[in-house]
Amino acid sequence: VSEYRAEAETESVSVGGKVPLSLPRKPLRIVVTGGAGFVGSHLVDRLIARGDSVIVVDNFFTGRKDNLVHHFGNPRFELIRHDVVEPILLEVDQIYHLACPASPVHYKFNPVKTIKTNVVGTLNMLGLAKRVGARFLLTSTSEVYGDPLEHPQAESYWGNVNPIGVRSCYDEGKRTAETLSMDYHRGLGIEVRIARIFNTYGPRMCIDDGRVVSNFVAQALRKEPLTVYGDGKQTRSFQYVSDLVEGLIRLMEGDHVGPFNLGNPGEFTMLELAQVVQETIDPNAKIEFRPNTEDDPHKRRPDISRAKKLLGWEPTVSLRKGLPMMVSDFRQRIFGDEKDMDS
Ligand code: NAD
Ligand code: UDP
Ligand code: UDP
């Protein structure tokens, strides 16, 4: 684990290199649901750069056109405003199904809508996969492990989830989405892939989405205190978005259904994270303690042995290397306009 936290060794842990930029085959037609969001838009960038055609389906609940504006006008790119809770007819070869709010603040905003998105939305995308014979990838979450009693979490762990709690719309929703995917696979022969994603950060995250990395970075830049919830000793493992996108593409292109944990095993307490943010942005940033939210998992760290072995994948960007790339994006989005006005 320590090698994922340390700076010096990050270069040496890379295996297999990147998926090649252009593939010696006919371009694929790929739909990315939730493609206007944080992870989705980075995935779209890679698929377009590789030479494939991409249709983004997004209702813009948490996504933004800004994340995709650089593809407007490209004939291989199409953006459809659509809610995945409603059926849709498309002709595609692959479906990356990401549509779902990911931040606790957003998914608790309208919990019934969140569970509909996870259940009915996933059902519709599986129905689409069945009708056109497409391969379907679900972005599930480490939250399926709940407040885990096993540490680190391997894919074989069934989790410790409160079925009636405030996070259930999301974690039970994703568990049902996994069940649906496996039943379409086993019962109807649909080619499915399941990724269990651990906390991911990077450029284009919503600035005010309430997640810990975006909160701390925005707070430090705005000279506000960093809000640590609870005693700050709870842990998370933070993955840079390019590592995740690499893992998702390898999973889609590979032969294994999964589920696969995709995350960075470098584990940090929230107080340690606050310290890294202080070192990166402002050593004088203050820390302020706030009450923690309900059902907050105490610790979380992925066991990524399966992804290493079967996908040849592991993260290459440590927190100390990834954070500055996110900081420059946040700085630009928070202060960009003000600076322009000054000059
Ligand atoms: P995000 O909120 O930035 O992106 C989600 C996208 O889905 C947004 O563009 C949103 O507008 C769209 N969307 C939401 N509901 C929709 C609906 N009903 N119909 C159509 N579009 C809809 O979140 P993200 O961080 O990019 O997460 C992407 C996926 O990865 C999600 O499925 C999330 O559960 C999963 N995931 C993310 C993380 C993480 O740390 N970022 C961790 C675990 C799992
Ligand atoms: N569906 C969709 N697009 C398609 C095919 C299906 O949105 O191209 C939806 C369909 O409306 C249904 C869901 O996917 O609500 C599941 O479809 P499936 O054919 O598996 O189930 P059925 O319609 O037989 O209940
Ligand atoms: N958290 C925090 N300060 C914040 C936001 C979150 O200390 O401003 C804590 C939160 O209580 C949780 C951890 O950071 O223990 C990760 O929270 P986040 O919402 O980013 O993701 P998730 O809980 O889904 O892993």
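Which residues come nearest to ligand 1? Out of the 28 residues around ligand 1, Gly 34, Gly 37, Val 39, Thr 62 and Gly 63 do. Keep in mind that we're looking at a predicted model here.

Let's stay with the ligand for a moment. Three elements each supply at least two residues of the shell around ligand 1. Here they are:

| Element | Residues |
|---|---|
| Helix H2 | 38–50 |
| Helix H4 | 111–132 |
| Strand E5 | 135–141 |

H2 gives the most, with 3 residues in the shell. And what sort of residues surround ligand 1? The shell divides into 13 nonpolar, 13 polar and 2 charged residues.

Now zoom out to the whole chain. You can follow 10 helices and 13 strands along the chain. Its C-alpha trace spans about 55 × 50 × 45 Å along the principal axes. Is that what a compact globule would give? Because the chain has 343 residues, a compact globule would have a radius of gyration near 20 Å, and the 19 Å of this chain agrees with that. Residues 24 or more positions apart make up 82% of the contacts with a separation of 6 or more. As for burial, 45% of the 343 residues count as buried.

One helix is worth a closer look. Helix H6, residues 212–221, is mostly covered, with 9 of its 10 residues buried. Among them are Val 212, Phe 216 and Val 217, along with Ser 214, Asn 215 and Gln 219. Just after H6 you'll meet Lys 223, which takes a positive phi of about 60°.

Technical notes:
Residues are numbered from 1 along each chain as its sequence is written. Chains are lettered from A and ligands numbered from 1 in the order in which they are written. This is a predicted model: local features need pLDDT of at least 70, side-chain atom pairs count only at pLDDT 80 or more; totals for chains, interfaces and linings use all residues. Helices (H or I, at least four residues) and strands (E, at least two) are DSSP runs, numbered from the N terminus. The radius of gyration is taken over C-alpha atoms; the globule rule is 2.2 Å times the number of residues to the power 0.38. A residue is buried if 20 or more other C-beta atoms lie within 10 Å of its own, exposed if 12 or fewer, and partly exposed in between; C-beta atoms are placed from the backbone. Two residues are in contact if their C-beta atoms, placed from the backbone, lie within 7 Å. A residue is near a molecule or strand if its C-beta atom, placed from the backbone, lies within 6 Å of it. Ala, Val, Leu, Ile, Met, Phe, Trp, Tyr, Cys and Pro count as nonpolar, Asp, Glu, Lys and Arg as charged, and the others, Gly among them, as polar.
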